Amino acid sequence: IGLQAGDEICTEGFVMDQFCIDRGTLFDNPTVPTLEGPEKHSIHCLIDVQSCISSNFEILLDPSTDTGGLYTRGWRLNDKSKQQAVELAKTVGTCTDCNIGNTEKNSH
């Protein structure tokens, strides 16, 4: 029996909003194709840009030779997991509605 909708898993990878995936380039870095350079996606874009925060969040899977070196869409976060990802991002990034005190060192 494989995974089914609603199953809980533990994984790691880049968190990407569906808005940036669907547009094909990063909203905050429009010369970068989304599935080529997810490391160039800012926390600001992910949690502070309305189009991004209001879309679904997904975990990208690492590139392989089968995918032509591109990252691929792996897992969609449910509402609870998305909120946990946003809360974590607020502790390491800078956004206009963060209540956490940030320093220049951890600003993105």
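A polar contact is a pair of N or O atoms within 3.5 Å, where within protein one must be able to donate a hydrogen and the other to accept it. In this predicted model, the side chains of Glu58 and Arg73 are joined by such a contact, at 2.8 Å. The points below cover the surroundings of Glu58, the cysteines and a nonpolar surface patch.

**Glu58 and its surroundings**
- Glu58 lies in strand S4, which spans residues 57-61.
- With a relative accessible area of 5%, Glu58 is buried.
- Leaving aside residues up to four places away in sequence, Glu58 touches Phe14, Val15, Met16, Gln18, Ile21, Arg73, Trp75 and Arg76.
- Arg73 is thus named both among these contacts and as the partner of Glu58 in the polar contact.

**Cysteines**
- The structure contains 0 disulfides.
- Cys20 takes part in no disulfide, and its nearest cysteine sulfur, that of Cys52, is 3.9 Å away.
- The cysteine sulfur closest to that of Cys52 belongs to Cys45, at 3.4 Å; because a disulfide requires sulfur atoms within 2.5 Å, this distance is too far for a bond.
- Cys20 is buried, with a relative accessible area of 0%, and Cys52 is likewise buried at 0%.

**Nonpolar surface patch**
- Leu3, Ile9, Leu61 and Trp75 make up a nonpolar patch on the surface, with a combined accessible area of about 350 Å².
- Leu61, a member of this patch, is found in strand S4 and counts as partly exposed at 32% relative accessibility.
- Strand S4 therefore holds both buried Glu58 and partly exposed Leu61.
- Trp75 belongs to the patch and is also one of the residues touched by Glu58.

Key: Residues numbered from 1 in each chain as written. Predicted model: local features only at pLDDT ≥ 70, side-chain atom pairs only at ≥ 80, totals over all residues. Heavy atoms only, no water. Buried < 20%, exposed > 50% of the residue type's maximum accessible area, 1.4 Å probe, protein only. Helix = DSSP H or I, 4+ residues; strand = E, 2+ residues; numbered from the N terminus. Contact = heavy atoms within 4.5 Å. Patch = residues over 30% accessible without salt bridge, like charges linked within 9 Å, V, L, I, M, F, W, Y side chains within 5 Å. Areas by Shrake-Rupley, 256 points an atom, 1.4 Å probe, with all protein chains shown as cover. Salt bridge = Lys/Arg side-chain N within 4 Å of Asp/Glu carboxyl O.
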